[in-house]
Each structure stands twice: as structure tokens, then as C-alpha cells.
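Visitor: Could we go through this model together? I would like to begin with the overall picture and then turn to the details.

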Amino acid sequence: NIIDDSLLSNTSDLVGGVEKHHIKGNKNHECKFCHKLFTQSTHLEVHIRSHMGLKPYKCEFCEKRFTQGGNLRTHMRLHTGEKPYKCLKCGKLFSRKGNLQAHELTHESKKPFICKFDHCNKEFTQLGNMKAHQNRFHLETLNKFTKRLASLDQTGIDSLPPSEMELLEYFSSLYKNLNKGIKGRGKTSRK
């Protein structure tokens with residue numbers, strides 16, 4: 001069974017893995033933990049699971065757990081080998097739509113991600129590849145910016161010289177979730 005019934009009293013009330021349509025409307029549903037707003041109560045319910053650590057969807061192959069059914073279905077492709085996304089230019093297959101989209105940039109010679117640390121300016125097709133590069137070649141700079149951002153209050157930020165402010169803004173835009181790990185991928189415990 002994909003959903004572990006012992007975790008929730010009523011699994012039929014759960015929502016997850018459905019197509020996410022961009023709904024325009026009022027965001028009237030607020031998370032009591034982080035105050036993020038949602039247009040639909042079902043989206044809020046899925047979000048709240050992340051705060052509670054609730055992962056009712058379990059992989060039948062490796063027992064890894066997920067907050068949403070759609071994330072489990074995508075994960076299952078690692079085990080089944082299913083690759084439903086095909087590049088129309090070269091025929092290469094992918095298990096994830098995002099990986100196909102990143103691959104398609106290689107055909108267009110687009111590299112939208114530029115490493116600005118230490119005047120590097122190396123370009124990448126994927127954000128994850130750039131972050132891996134930064135962790136390998138600019139780790140000292142990453143650590144410096146992490147400490148610098150943590151030590152500044154708003155007055156300190158406002159008084160930075162423009163060049164340093166620009167670099168700190170670049171850094172903070174890339175590493176928005178510093179509490180999840182500097183490499184850009186969350187380090188979570190496996191249950």
C-alpha cells in the first residue's frame with residue numbers, strides 16, 4: 001500500500017500529487033507555523049505536512065517517504081526506469097519534466113546560471129550544477145558569505161557598499177534555504 005494507513009486517521013482526506021493549476025485568487029489560507037498564504041485549503045494542508053514531518057506516502061521498493069503522492073510517483077520512476085519525457089530534438093528520455101527542460105537548454109546553447117563568486121563567471125545550464133561547482137571551487141567564499149549574512153542586521157545590510165550588496169543579494173537569492181543545507185538540497189532524515 002502506497003499510503004501507510006497507520007500514520008493518519010483518515011487517508012481519504014489527504015491531497016497530494018495532483019496537477020497544480022495556477023489559480024488566481026485571494027490567498028486566504030494561512031499557515032499557522034510560518035504564515036505563508038495559499039489560495040486553497042488543500043494546498044495549505046499539504047504544506048503543513050512539511051512542518052509536522054508527516055510523510056504518509058511510502059515507496060514500496062525502498063520505503064522512502066513523501067509528503068505528496070506526486071513526489072512519490074516521480075521517485076518510483078527511479079526504481080521502474082520509466083522515462084515519460086522525451087526531448088523532441090534528440091530523442092533522449094527523462095524521468096522528470098524538469099530534467100528534460102534543463103536538457104533542452106543544451107540544444108539552445110543557453111546557460112542562464114552564472115557563477116559570480118571570485119570573478120569566476122562560468123556559465124551553467126542548471127542551477128544544481130552551478131551550486132556543485134561553487135561547493136567544489138568556491139567553498140571558502142560560500143562560507144564567508146554564509147557567516148557575513150548571518151551576522152548582519154538590516155542597518156548593516158543597508159550600509160554595505162554597492163558591490164558587496166550586489167554579491168550578497170546574488171548569494172542570498174541562490175541559497176534562500178540556508179537552513180536546508182548550502183548545497184541547495186535539503187538534508188532530511190530518512191524514516
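Guide: What follows is a conversation about the overall make-up, the salt bridges and one helix of this predicted model.

Visitor: How many helices and strands does the protein have?
Guide: There are 7 helices and 8 strands in the protein.

Visitor: And what share of the residues is buried?
Guide: Of its 191 residues, 28% count as buried. The protein exposes about 13500 Å², and 49% of that area comes from carbon and sulfur atoms.

Visitor: What about contacts between residues 24 or more positions apart?
Guide: Such pairs make up 31% of the contacts in the protein with a separation of 6 or more.

Visitor: Switching to charges: how many salt bridges are there?
Guide: The count comes to 3 salt bridges.

Visitor: Which residue does E164 pair with?
Guide: E164 forms a salt bridge with R148, and their closest N and O atoms are 2.8 Å apart. This pair links distant parts of the chain, with E164 in helix 7 (residues 162-174) and R148 in helix 5 (residues 139-151), 16 residues apart.

Visitor: Where does E164 stand, buried or exposed?
Guide: E164 counts as partly exposed, because its relative accessibility is 26% and the partly exposed class runs from 20% to 50%. R148 is also partly exposed, at 29%.

Visitor: What does R77 bind to in its salt bridge?
Guide: R77 pairs with E82, the closest N and O atoms being 3.7 Å apart. R77 has a relative accessible area of 16%, so R77 is buried, whereas E82 is partly exposed at 42%.

Visitor: And the remaining one, with E108: what is its partner?
Guide: The partner of E108 is K110, with 3.2 Å between the closest N and O atoms. E108 is partly exposed at 40% relative accessibility, and K110 is partly exposed at 44%.

Visitor: New topic, helix 1. What span should it have, and what are its end C-alpha atoms doing?
Guide: Helix 1 (residues 41-52) has 12 residues and, at 1.5 Å a residue, should span 16 Å. Its end C-alpha atoms are 16 Å apart, so the two values agree.

Visitor: Which of its residues are buried?
Guide: The buried residues of helix 1 are L44, V46, H47, I48 and R49.

Visitor: What covers them?
Guide: The cover includes strand 1 (29-30), strand 2 (37-38) and strand 3 (57-58).

Visitor: What comes just after helix 1?
Guide: Just after helix 1 comes G53, which takes a positive phi of about 75°.

Terms used
Residues numbered from 1 in each chain as written. Predicted model: local features only at pLDDT ≥ 70, side-chain atom pairs only at ≥ 80, totals over all residues. Heavy atoms only, no water. Helix = DSSP H or I, 4+ residues; strand = E, 2+ residues; numbered from the N terminus. Buried < 20%, exposed > 50% of the residue type's maximum accessible area, 1.4 Å probe, protein only. Contact = heavy atoms within 4.5 Å. Areas by Shrake-Rupley, 256 points an atom, 1.4 Å probe, with all protein chains shown as cover. Salt bridge = Lys/Arg side-chain N within 4 Å of Asp/Glu carboxyl O. Expected span 1.5 Å × (residues − 1).
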